[in-house]
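Here are a few warm-up exercises on reading a fold. Grab your viewer and try each one before peeking at the solution.

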Amino acid sequence: MKWFWCLFFAFWPIVAIALCWVSPSLGWWFPSEAASPLGRRIDDLFYMILLITSVTFVGTQVALAYALFRGASDTEPEADAKKAWYSHGSHELEVIWSIVPAFVLLFIALYQLDVWAEYRVKDAFPRDKMEAVFESINQKRSETDSLALAEVTARQFEWRIRYPGFNEDGSLKPLMADPQPTDLYAVNDLHLPASAPVMINLRTMDVQHSFFLPDLRIKQDAVPGLVIPIWFEAERQQSYQLLCAELCGWGHYKMNARFVAESDEGFIEYLRQLEREQNEDRVDEVPETDAE
Ligand SMILES: [Cu+2]
């Protein structure tokens, strides 16, 4: 039996390594290829952590197989029967396997600081690139105006999106913290310029939701009472999935929306389209009713 158990515990790490090896090429690992530069760096962090845990897993499995083999050998009928002994453990070993993981975790914490800062710390946001977008879409703003191009408000069970409206001279207004009469609205359909960092303000009207763009590796909780800025950069002009990643109630599945990354002109055209729809006067289309 000793060989069976040794091979049994040696078999699983081999299966795990084989699966890890083929998973990326079969698309089993990530939802899709990362569609943003920051997304690729987050993927690299995932792979780095996967490598560390894989090495640890294989190491512990090999140690387990060895211990089983040794223990089984000692109980073989032909071997000199050894008396069972009680171990109080090894102080040195315990110190080693506490300090090594502590250093590994410290290394991971320091190694990911840059990505975390760029992603989450407001002062590290790529402000210059965002300002180039404001110029390109002709948005008139002052230094103190929000960098956000839209406000996304989650509620049970949809995403409500508020964009700034246009000035008389055709330029785009900045997004104000409070709703303005000229603001433009959409539901479950977020449009923003592609190929440059863009920022939104995230909030929620009721419970906690989570703004999730799987292709861009963006996930941020929407917390009641907070306005949370998030930025992302879609490399290609296409439609991406926008999901809620927090089980927020019975209709959680309905918060399946889309994020369309498009050209600067396409974005402005989309806002103009919203403006036309919002200002359309359909009074004359109301069918005449028979007066009594
Ligand atoms: Cu939700």
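Three exercises follow, each with a worked solution, and keep in mind that this is a predicted model.

**Exercise 1.** Work out how the radius of gyration of the chain sits against that of a compact globule.

*Solution.* Start with the reference: for 292 residues, a compact globule would come out near 19 Å. Now take the chain itself, which has 28 Å. Next, check the box: along the principal axes, the C-alpha atoms fill roughly 105 × 55 × 35 Å. Finally, look at burial, where 21% of the 292 residues count as buried.

**Exercise 2.** Find the domains and describe the contact between them.

*Solution.* First split the chain: domain 1 covers 2-75 and domain 2 covers 126-280. Their centres, over C-alpha atoms, are 40 Å apart. Then go to the contact, to which domain 1 gives 10 residues and domain 2 gives 10 residues. On the domain 1 side, you get six nonpolar residues, three polar and one charged.

**Exercise 3.** Which residues touch the most other members of the largest nonpolar core, and which strand gives the largest share of this core?

*Solution.* The core has 42 residues, and A150 and L190 touch the most other members. Strand 1 (residues 148-155) supplies the largest share, five residues. Now zoom in on A150: skipping neighbours within four places in sequence, A150 contacts I161, R162, Y163, L175, L190, L192 and I200. As background, nonpolar side chains tend to be buried together in soluble globular proteins. To finish, step back to the whole chain: of its contacts with a separation of 6 or more, 72% join residues 24 or more positions apart.

Technical notes. Residues numbered from 1 in each chain as written. Predicted model: local features only at pLDDT ≥ 70, side-chain atom pairs only at ≥ 80, totals over all residues. Domains from an automatic or database assignment. Contact = placed C-beta atoms within 7 Å. Nonpolar A, V, L, I, M, F, W, Y, C, P; charged D, E, K, R; others polar. Core = buried A, V, L, I, M, F, W, Y, C linked by C-beta atoms within 7 Å. Buried ≥ 20, exposed ≤ 12 C-beta atoms within 10 Å, placed from the backbone. Helix = DSSP H or I, 4+ residues; strand = E, 2+ residues; numbered from the N terminus. Rg over C-alpha atoms; globule rule 2.2 N^0.38 Å.
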